[in-house]
Amino acid sequence: MRKILLAIILPFWMHLLKAQVFPSYGGERAGLSALTFLKNDINPRSVAIGGASSALNGDAFSILSNPAALVQLKDKGFTLANKFIGAGVNQSFVSFVNPQSDQTSVWGFSLNSLTSGYIKERTEFMPGGTGREFSVVNMAFGATYAKLLSEQFSFGLTMKYVYEHVAGFNNHTAAVDLSFLYKTDFKKLQFAAVLHNFGGSSSLASREDIPVTFNRTTGIALETNPVPTVFSIGMSIEPYRADKHALLAAFQISHPNDNSENIRLGAEYSYDDQFFGRLGYKINVLGHVYPTAGVGAAVPYGSGQLVMIDYAFTATRFFGSQHLIGVRFMLSKSKK
């Protein structure tokens, strides 16, 4: 009888515990922010380990995850990535990083772009289409600076100009990423704090006259919305390394301004720092109930240069399977 009662009460108790630790603000906060493409993770390594990337070691994709980690780079590099979201929607990313000669600071530049392709215009009385087409374009241009403040502590800053185009409407705004990274001498243990997309509010505007027929009220008032700010703290550690085998574990908790708090867990296995297998899981992220996965390989080319090829796979409940491919070009033999 006691076991039966325990089997009944335990799931209920776990549900209450989850509700206390992760309050469900998704319904109340959803739709509060605009330009949500800025929240999409387009770092293949990060996506593969469930997004637990704030405290990872630095590479050229760190512009996205934690700019402060860029100080760990010793050589120039650039990245290319594309995420196949579905229904013809793609998000692309390109970046360039350039460590300075003093080996304590890094400059970088990036472009984050989401495009919808052409969409048929439909109205209430012409649901099959009006014969016209429109498109959606979102772009964020970033300039990044990272500085090593001590042997263990570094910070990074990215200034973004954000542009949005939807049919005849346009939006211009600015946002900032601010991050910190602290590394220790114990099994490559690192701690991080990252504030993504801190900025003001903005709204779409149009110079064209918008039709107001079809039972619409005269005049169209567009709401002002903030950018999707996310504050994250995380850690990573390499608990095992022997010969050519190594295992990295990562943890991250994130607090977005437009949804519930969530946790990211991830692990990466590497062989000879050349071949990588990755797994991750997201807790309390709506629609993401399946593990994430990915692989990577470091391929030498040219004279003393490396290209890192990464692939990540995400299965979602509402948007199907999503694929992300990225390439990192590192202009030396150092492996990150």
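Which residues form a nonpolar patch on the surface?

## The nonpolar patch

This is a predicted model, and its nonpolar surface patch is made up of Phe-78, Leu-80, Val-94, Phe-96, Trp-107, Phe-109 and Leu-331. Put together, these residues offer about 600 Å² of accessible area. Three strands each give two or more residues to the patch: β1 (77-86), β2 (89-99) and β3 (105-120).

Leu-331 sits in the segment after β16 (321-330). With a relative accessible area of 36%, Leu-331 counts as partly exposed, because that class covers the values between the 20% limit for buried and the 50% limit for exposed.

## The chain as a whole

Zooming out, the protein chain has four helices and 16 strands. It runs to 336 residues, and 40% of them are buried. Looking at contacts with a separation of 6 or more, 53% are between residues 24 or more positions apart.

As for the outside, the accessible surface of the chain is about 17800 Å². Carbon and sulfur atoms account for 64% of that surface.

## A buried arginine

Now for Arg-45, which you'll find in helix α3 (residues 44-48). Is Arg-45 buried or exposed? Its relative accessible area is just 5%, so Arg-45 is buried, the cut-off being under 20%.

What does Arg-45 touch, leaving aside residues up to four places away in sequence? The list has Leu-56, Asn-57, Asp-59, Leu-248, Glu-268 and Arg-278.

Conventions
Residues are numbered from 1 along each chain as its sequence is written. This is a predicted model: local features need pLDDT of at least 70, side-chain atom pairs count only at pLDDT 80 or more; totals for chains, interfaces and linings use all residues. Side-chain values use heavy atoms; hydrogens and water are left out. Patches are made of residues with over 30% relative accessible area and no salt bridge: like charges are joined within 9 Å, nonpolar side chains (Val, Leu, Ile, Met, Phe, Trp, Tyr) within 5 Å. Accessible areas come from the Shrake-Rupley method with a 1.4 Å probe; for residues, only the protein chains shown count as cover. A salt bridge is a side-chain nitrogen of Lys or Arg within 4 Å of a carboxyl oxygen of Asp or Glu. Buried means under 20% relative accessible area, exposed over 50%, partly exposed in between (1.4 Å probe, protein chains only). Contact means heavy atoms within 4.5 Å.
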